[in-house]
Amino acid sequence: MKSWLKRLQQVTYNTTFMYNCRMIIAFAGTAFVPYFLGNQLATIPLTLGVVAAGISDIDDRFSVRILNQLYTYIGFFITATSIQLLFPHPILFACGLIISCIGLILLGSLGRRYTTISYGCLVVSVYSMLGVNLFEEWYIQPSLLVIGAAWYGLISTISFLLFPVREVQDRLSLCYSSLGNFLFSKSNFFDVDMTQKSYQQSMIDLSLENGKLITIFNNMKTALLTRLKGDRGQKDTRRSLQYYFVAQDIHERADSAHIDYPKLAKIFEHSDILFRFQRILSLQGKACKDLADSILKRETYKHNTRFKHAFQNLKTSIEKLRSENKYDIVWVNALAALYQNLKSIDAQLRNLETERNIKFDKAKHMENQLKDDDLKGWDDIVIRIKQNLTPESVLFRHAIRLSLVLLVAYIFVQLTDIQYGYWILLTALFVIQPNFNATKRRLRLRVVGTLIGIIIGYAILFFIPSIEGQLLLLIISGVLFFDLRSKQYAQATAFITILALINFNLDGLGFEAAIPRMIDTLIGCGLAWLGVTYIFPDWKFRRLPRTISRSLNAQCNYLAEVIQQYKTGRNNGLNYRIVRRAAHNTDADVASLISTLATEPDFEPSQKAQAFEFLCLNHTLLSYIAALGAHREKIEDAEILIVLDKAFDDIQGALLRDEVPDLSSQNMLHTIRQRLSLNSDDDQKSLIILQQISLMLSMLNQISHLKQSLSHEQDRNSTELASL
């Protein structure tokens with residue numbers, strides 16, 4: 001009996017399975033309740049209401065979840081009713097379409113809650129166009145859409161009440177899983193056969209992996225923050241908060257760099273030391289993956305016993321290198337600092353499950369705070385809206401682009417009276433994304449998915465003529481759409497196409513709708529491509545120099561906070577975590593922008609090479625600062641503090657004002673080299689600081705030169721575009 005209960009409990013821990021069960025219940029209700037009541041036509045808006053509500057669903061604490069659902073239902077009803085009432089008046093309808101589209105998208109500037117609700121309202125608006133003639137009374141379709149949405153909301157709320165911490169646990173598991181991937185990427189830097197080319201590729205891969213991890217961290221922070229507002233005393237929330245902070249600390253240590261990796265590989269290419277570092281990093285990556293799995297299964301994490309032996313052997317190897325006097329002591333000291341950093345990561349993982357770490361410590365309350373990004377009142381609302389009322393805003397460009405495409409599509413439908421023409425608007429709505437690259441990818445997947453869906457849908461309607469069988473397949477298609485929509489877009493499109501064809505067949509138009517849907521999809525994709533190519537195209541507004549400047553400025557702020565803590569003592573308070581996260585966020589922005597620009601039409605090969613070189617240097621600089629941050633604690637050495645302040649002035653001047661110092665003529669560099677040549681156990685902390693400062697100073701000229709070169713190139717391109 002106990003084993004059966006345990007298996008049942010493990011099944012409930014499977015988030016995907018439980019989510020699919022929720023969707024099965026939701027679609028089964030909208031499919032079979034109207035069937036048994038003898039009103040099959042009601043299945044169409046009820047099912048579309050479930051789809052719209054599922055797309056608009058957002059994780060939050062219970063009270064806010066109920067409020068979100070209320071806003072959603074009101075928005076759905078107003079939107080659907082507006083469509084019904086304005087539909088007979090094309091000019092008013094067109095004006096309402098463009099105004100509401102711009103307004104709803106800009107509403108997303110107020111936060112994720114409003115982004116999802118407004119997008120759901122846009123989806124409902126097009127769904128309402130598709131079914132505007134299904135019922136005689138104007139209020140029936142809006143009411144049924146809201147009833148379908150409310151049915152899904154009820155099931156979603158019950159699921160939340162049964163498993164209130166599931167979403168946080170899932171996000172926490174994803175944090176550690178992504179952290180494991182980051183550590184695996186980091187281990188590639190200890191390849192003894194590393195070349196400059198392979199190093200650059202490894203750095204690019206690490207930067208992109210870092211961007212993914214930072215996004216996951218930000219989502220985790222949002223999930224935690226809303227729970228902390230609702231119940232600050234809940235044990236599960238405090239436990240998750242502690243895990244989150246540990247993950248951040250591990251990330252800072254893992255991202256830190258104590259050494260020039262290509263030179264390291266060259267110097268120690270015939271030693272076992274690099275293999276040992278690489279193995280420990282791989283083991284720690286695997287440990288993070290194991291921890292992620294333990295979180296999902298609600299099991300106690302067990303630290304790998306092999307770590308103890310691996311660290312003992314690594315320490316022995318470093319001591320052997322030190323005693324041989326074969327290598328420059330600077331390199332050996334750097335390896336020793338790296339060893340201490342990895343030991344700290346090991347201690348974090350080993351002690352994570354102990355009650356000592358999880359127990360709430362009031363004395364450290366300031367270190368257990370999260371930055372609240374929610375709205376602070378009407379003034380905040382006005383500020384956020386105003387910030388996006390400019391073509392420089394991605395959200396504004398997306399709003400104008402999408403609204404104009406939908407308007408053109410609507411005019412096209414009105415002029416041609418094309419059959420089922422409102423699928424064109426629906427296709428454009430789903431395909432157009434805020435950036436060119438994402439839209440281009442969706443265009444291809446949408447066409448492929450629709451074609452596959454039509455072929456399979458035709459077969460279903462032909463070989464399964466019974467209503468009962470088709471309703472079962474409608475449920476399956478709806479569930480698979482939601483299961484795949486964030487993972488396999490083409491397959492998800494195929495299943496939503498099957499669902500649409502079955503829906504149309506309930507009105508006796510299944511076979512007639514298949515070919516028009518394919519044609520409408522192609523037209524919608526064509527209009528979407530024209531929209532992203534010619535209406536505020538991204539590459540005319542993406543300013544790489546501006547993104548670079550933001551990143552360098554954030555890194556200087558991060559470095560300033562680290563240096564301050566060498567004067568006052570280690571403090572993981574909110575301000576430190578804000579500047580650290582800002583540095584990582586802007587670094588991720590640089591990586592994302594450069595990788596996206598590389599796929600766009602006017603990005604020259606020479607500029608592309610320089611951009612990727614800057615990407616590597618930018619993340620390297622961040623890694624050097626992170627290493628300083630990982631070892632930060634109060635020091636009393638006045639000479640070192642003077643060196644830190646002077647180095648910061650030089651670094652800030654070079655990165656922000658292009659004032660590269662002449663290091664060869666400075667006494668500071670002589671001081672650093674002289675101190676680094678010492679080998680005093682009492683001076684290890686100072687040696688680490690000086691080593692990191694030396695690494696940062698050595699790259700100032702190169703990073704400043706690349707920054708200026710990319711800025712001049714972008715200015716030249718902007719001038720050429722303006723003259724066209």
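1. Aspartate 293 has a relative accessible area of 35%, so it is partly exposed. The model is predicted, so please read every value here as computed from it. The side chain of aspartate 293 meets that of lysine 297 in a salt bridge, at 3.2 Å from N to O. Lysine 297 is partly exposed too, because its relative accessible area is 41%. The two residues lie 4 apart in helix 12, so about one helical turn separates them. An α-helix has 3.6 residues a turn, so residues three or four places apart point the same way.

2. A salt bridge also joins arginine 276 and aspartate 272, with N and O at 2.9 Å. Which side of the burial cut-off do these two fall on: buried or partly exposed? Arginine 276 has a relative accessible area of 28%, so it is partly exposed. Aspartate 272 reaches 34% and therefore also counts as partly exposed.

3. Compare the pair in helix 10. Aspartate 249 forms a salt bridge with arginine 253, and their closest N and O atoms are 3.3 Å apart. Both residues sit in helix 10 (residues 235–255). They are 4 residues apart, about one turn of the helix. Here the partners are enclosed. Aspartate 249 shows a relative accessible area of 8%, so it is buried. Arginine 253, at 11%, counts as buried as well. Both values fall under the 20% limit for a buried residue.

4. The pairs above belong to a wider set. How many salt bridges does the structure hold? The total is 16. Arg22, Asp57 and Arg65 are connected through a network of salt bridges. In general, side chains of opposite charge can pair when their charged atoms come close.

5. Two backbone points deserve a check in the viewer. Arginine 298 is not a glycine, yet its phi is positive, at about 55°. Arginine 298 lies in the loop between helix 12 (273–297) and helix 13 (306–324). Its relative accessibility is 28%, so arginine 298 counts as partly exposed. Phenylalanine 536 also has a positive phi, near 50°, and it too is a residue other than glycine. Its place is the loop between helix 22 (510–534) and helix 23 (544–568). Phenylalanine 536 has a relative accessible area of 25%, so it is partly exposed.

6. Next, helix packing. Helix 12 and helix 14 (residues 329–351) have axes that come within 11 Å and cross at roughly 20°. Helix 12 is therefore roughly parallel to helix 14, because angles under 35 degrees count as roughly parallel. The crossing of helix 12 past helix 14 is left-handed.

7. Helix 24 (residues 574–597) packs with helix 25 (residues 605–630). The angle is about 165°, and the axes are 10 Å apart. Are the helices roughly parallel or roughly antiparallel? Helix 24 and helix 25 are roughly antiparallel to each other, because an angle over 145 degrees counts that way. Helix 24 passes helix 25 in a left-handed crossing.

8. Helix 18 (residues 422–431) is a buried element. It is largely enclosed by the rest of the structure, because 10 of its 10 residues are buried. Aromatic names on the buried list include Tyr422, Trp423 and Phe430. Also on it are Ile424, Leu425, Leu426, Leu429 and Val431. Thr427 and Ala428 complete the list.

9. One long-range pair is worth locating. Where is tyrosine 410? It is found in helix 17 (residues 394–416). Tyrosine 410 has 2% relative accessibility, so it counts as buried. Proline 90 lies 320 residues away from tyrosine 410 in sequence. In space, their C-alpha atoms are 9.1 Å apart.

10. Last, a surface feature. Which residues form a nonpolar patch? They are Leu67, Leu70, Tyr71, Ile74 and Ile78. Together they offer about 440 Å² of accessible area on the surface. Leucine 67 belongs to helix 4 (residues 62–86). With 34% relative accessibility, leucine 67 counts as partly exposed, because that value lies between the buried and exposed limits of 20% and 50%.

Technical notes. Residues are numbered from 1 along each chain as its sequence is written. This is a predicted model: local features need pLDDT of at least 70, side-chain atom pairs count only at pLDDT 80 or more; totals for chains, interfaces and linings use all residues. Side-chain values use heavy atoms; hydrogens and water are left out. Patches are made of residues with over 30% relative accessible area and no salt bridge: like charges are joined within 9 Å, nonpolar side chains (Val, Leu, Ile, Met, Phe, Trp, Tyr) within 5 Å. Accessible areas come from the Shrake-Rupley method with a 1.4 Å probe; for residues, only the protein chains shown count as cover. A salt bridge is a side-chain nitrogen of Lys or Arg within 4 Å of a carboxyl oxygen of Asp or Glu. Buried means under 20% relative accessible area, exposed over 50%, partly exposed in between (1.4 Å probe, protein chains only). Axes are lines fitted to C-alpha atoms, for helices over the stretch in contact, and angles run from 0 to 180 degrees between N-to-C directions. Angles under 35 degrees count as roughly parallel, over 145 as roughly antiparallel, 65 to 115 as roughly perpendicular and the rest as oblique. A crossing is left-handed if the near helix is turned anticlockwise from the far one by less than a right angle, and right-handed if clockwise.
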